[in-house]
Amino acid sequence: MSGKGMILRWLGAVALREATVTTCASPAPRYLRVRLRGAVPRGEPGDKVQVLLPGDDVRTYTPFAWSDEGEARGFSLLVFLHGDTPAARWARSLREGDVVRFVGPQRALRMPDGPLLLVGDETSLAVAASYAEARPGQVEAVLEGDVPDAVLADLGVRATVCAPGASAPHVGGHRGAVGVTGSAALIQRTRAALAGRGEVRVKAHWIAGRTGID
């Protein structure tokens, strides 16, 4: 339970939007792609939605694969099923027709126009997908951790995958804009590797030992 979640539930219709689950698919173990449809505004690449989970927990996701569907819009969320967490339990329980309540889309990571390098981890795939669909052929990613090829193919993301802590050699030569998401530790390492080289914008998704930081 979180104080933010309690506030959102109290505010109810004033703050929360709703969308209905249309499909749930697992492109690879530990990943769940949830397709939603609702009367919500279309987000920009890198935007976030803050989902109210059962028990008043709140978790943040990046919507992608937007589509206009009559008076409603469809979009996807990608959930990394990491352990027995409130978010993982919620995602595993989802079924077609369930209603998801959330705040957003809201601004999170906005990048300048043009070619882009995105650096991240398993929690960064949806950010990469949102930019890859908006900028065909202009987006490359370097991702640390357990990122299966099947998930990259499903999301249409072109990426170099490396072990945790091993991304720095893959980003040092990049001269354009760089976006970094994922763990706070990864962000610190990437900033050091890119010191003085172009524009770097960051958004922490998680910090070791803490939950629900956004």
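**Exercise 1. Find which helix gives the most to the lining of the second largest pocket, then describe that lining.**

Step 1: Look at helix H6, residues 184–193, which supplies four lining residues, the most of any contributor. Helices here are DSSP runs of H or I with at least four residues, strands are runs of E with at least two, and both are numbered from the N terminus. You're working with a predicted model, where local features need pLDDT of at least 70, side-chain atom pairs count only at pLDDT 80 or more, and totals for chains, interfaces and linings use all residues. Residue numbers start from 1 along each chain as its sequence is written, and side-chain values use heavy atoms, leaving out hydrogens and water.

Step 2: Pin down the term. On a 1 Å grid over the protein atoms alone, a pocket is an open set of points where a 1.4 Å probe fits, with protein on both sides within 12 Å along at least five of seven lines; lining residues have an atom within 4 Å of a point.

Step 3: Collect the lining. It has 13 residues, and Asp121, Glu144, Pro164, Ser183 and Trp206 lie nearest the pocket's centre. Sorted by class, seven are nonpolar, two polar and four charged (Ala, Val, Leu, Ile, Met, Phe, Trp, Tyr, Cys and Pro are nonpolar; Asp, Glu, Lys and Arg are charged; the others, Gly among them, are polar).

**Exercise 2. Work out the strand order of the five-stranded open sheet and say where H6 packs.**

Step 1: Read off the order, E10-E9-E8-E11-E12, with parallel pairing. Two strands pair if DSSP finds at least two bridges between them.

Step 2: Spot the edges: strand E10 (159–162) and strand E12 (200–206) each pair on one side only.

Step 3: Zoom in on E9 (residues 139–144), which four bridges join to E10 in parallel. Here Leu143 sits opposite Val161 of E10.

Step 4: Now add H6. This helix packs on the sheet and touches E8, E9, E11 and E12, while its direction makes about 150° with that of E11. Contact means heavy atoms within 4.5 Å; axes are lines fitted to C-alpha atoms, for helices over the stretch in contact, and angles run from 0 to 180 degrees between N-to-C directions.

**Exercise 3. Explain what the salt bridge between Arg33 and Asp154 ties together.**

Step 1: Check the distance: the closest N and O atoms of Arg33 and Asp154 are 3.0 Å apart. A salt bridge needs a side-chain nitrogen of Lys or Arg within 4 Å of a carboxyl oxygen of Asp or Glu.

Step 2: Place the partners. Arg33 belongs to strand E2 (residues 31–38) and Asp154 to helix H4 (residues 149–155), so the pair links parts 121 residues apart in sequence.
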